[in-house]
Amino acid sequence: MQHDQQGDGSPMTKGSSRRPHRLRLILISGGLALTLAGGGAAAYKYGLFSDIGDPVSFGKVQEKAAVAADVPPEVLMPTGPAAHFVRTNRLPDGTQIGRTTLTGKKSGFTGDVWVWVPKEYDEPKYAKSGFPVLISLPGGRGYPTNYWGTGPGLGLQKAVSDGAKAGTSLPFILVMPVHNADTKHHFDASDIPGEPKMGTWMVEDVPDFAKANFRTFTSRDGWAFMGSSAGGFGAFKHVLKYPDRFKAAIASGVDIVPDSPLWKGNTQAMDENNPEKLAEKLIKAGGPDVYINFQIGTAESGRDKAEKFMSDYGRGPVHTSLQVIQDGEHNGKSYVRGMREGSLEWISKVMKGPTPDPAVR
């Protein structure tokens, strides 16, 4: 399985903890002149008033909407219990990234999950609407962090925001869990016998967590994956394996078949997580329809594998497309560029978006 870089080559670490109160007071006092001279902007630039590490909540309007009797049946209001989020980033448009630690009830695995919610989520006109969820998986080790959550500089959140504003993307909720169980192995996003159940974590526990905390949709039309490298493999494998739960995937720089050494030659278990086998099974069953968008940069390898999969299995209920990224490399920034250039619009056309309440202006 290929492992991609952190997009811009810089290390991406878990959100830093909040500065001690005493240190913050010293910094504020020492930087008072700078603050006054810069109208306050300089203080925020240098982190004197940083709120990173503070508790954060999402969905200011959903509590009132939750008791409304006229919430559409297609909308699933947050089921609870609510998770406790810590702010790890505040983006220029005011949106935030929060982190929480999740212990999966079904997998038994404990890992961190990052969440970003688009600004539309807090608009009163959408208070009774569900939002589509894009579970975003990293490449590389994918543990103990997820670089889509810890590295907003890669641009994923801004790409969704810009696309929503331009009408080319739905305002997805981004749920960004860790992808592997440790830093030494890759688990093919699967329940490998005798190993942590990373497949169950991804397709059971993470969606249950999203349903507990956010307004989502009851049908698979509101659930999709995206991922790069090893995360891209997981993304399109999950959609093929569970087409009744997930509808689409953007899979970037992917391998096509499971290749973790942890399988130890267990052919039957590997076949149950092999996208080629899963696609063949879905074709024979006649559906439901799934949509897979491959992204490949011209400066990386793997295009031949994606095109062969499309040729062999892109028929019947398995709908495939290819986004070629000119001069794109095997990294997050290239894949976000591909999403801006077409993949976000592509997936938005097959997913369900929020519906504004006509009674609210």
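This short presentation introduces a predicted model of one protein chain, from its overall make-up to a few chosen residues.

Colleagues, let me begin with the conventions. Numbering starts from 1 along each chain as its sequence is written. As this is a predicted model, local features need pLDDT of at least 70 and side-chain atom pairs count only at pLDDT 80 or more, while totals for chains, interfaces and linings use all residues, and side-chain values use heavy atoms, with hydrogens and water left out.

I turn to the chain as a whole. Its average pLDDT, the predictor's confidence in each residue on a scale from 0 to 100, is 87, and 83% of the residues score at least 70. Residues 1-49 stay under 50 in pLDDT. For that stretch the model has 80 contacts beyond four places in sequence, where contact means heavy atoms within 4.5 Å.

The chain contains 12 helices and 12 strands. These are DSSP runs, H or I of at least four residues for helices and E of at least two for strands, numbered from the N terminus. Of the 361 residues, 56% are buried. Buried means under 20% relative accessible area, exposed means over 50%, and partly exposed lies in between, with a 1.4 Å probe and protein chains only. Among contacts with a separation of 6 or more, 74% join residues 24 or more positions apart.

Next, the strands. Strand β9, residues 223-228, has 6 of its 6 residues buried. W223, F225 and G227 point one way, whereas A224, M226 and S228 point the other. Which strands pair with β9? Strand β6, residues 133-137, runs parallel to β9 and is joined to it by 5 bridges; strand β10, residues 248-252, also pairs with β9 in the parallel sense, over 5 bridges. Pairing requires that DSSP finds at least two bridges between two strands. In the first pairing V133 stands opposite W223, and in the second M226 stands opposite I250.

β9 and β10 also belong, with helix α8 (residues 230-241), to a right-handed β-α-β unit. Right-handed here means that, with the strands pointing away from the viewer, the path from the first strand over the helix to the second runs clockwise.

Strand β7, residues 173-177, is likewise mostly covered, with 5 of its 5 residues buried. I173, V175 and P177 point one way from β7, and L174 and M176 the other. β7 runs parallel to β6, with 3 bridges between them, and V133 stands opposite I173. With strand β5, residues 110-116, β7 pairs in the antiparallel sense over 4 bridges, and there V115 faces V175.

I come now to the interior. A nonpolar core is a set of buried Ala, Val, Leu, Ile, Met, Phe, Trp, Tyr and Cys residues joined through side-chain atoms within 4.5 Å. The largest such core has 83 residues, and V115, F225, F236, L240, F294 and I347 touch the most other members. Helix α7, residues 198-213, gives the most to this core, with 7 residues.

Two of these core residues deserve a closer description. Beyond four places in sequence, the contacts of F236 include A249, A251, I292, F294 and F309. I347 is found in helix α12, residues 332-350. Is I347 buried or exposed? I347 counts as buried because its relative accessible area is 0%. Outside its close sequence neighbours, up to four places away, I347 touches L134, F172, A224, F225, A248, A249 and I250. I347 and S169 are 178 residues apart in sequence, yet their C-alpha atoms lie 8.1 Å apart in space.

Helix α6, residues 156-166, has the buried residues L156, Q157, A159, V160, S161 and G163. D162 lies in this helix too, but D162 is partly exposed, because its relative accessible area is 26%. The C-alpha atoms of D162 and R340 are 8.8 Å apart, with the two positions 178 residues apart in sequence numbering. After α6 comes G167, whose phi is positive, near 85°.

Finally, consider T95, placed in the loop between β3 (85-90) and β4 (96-103). T95 counts as buried because its relative accessibility is 4%. Its side chain makes a polar contact of 2.6 Å with the side chain of D93. A polar contact is a pair of N or O atoms within 3.5 Å; within protein, one must be able to donate a hydrogen and the other to accept it, and residues adjacent in sequence count only if both atoms are side-chain atoms. Farther along the sequence than four places, T95 is in contact with N89, R90, W116, V117, P118 and K119.
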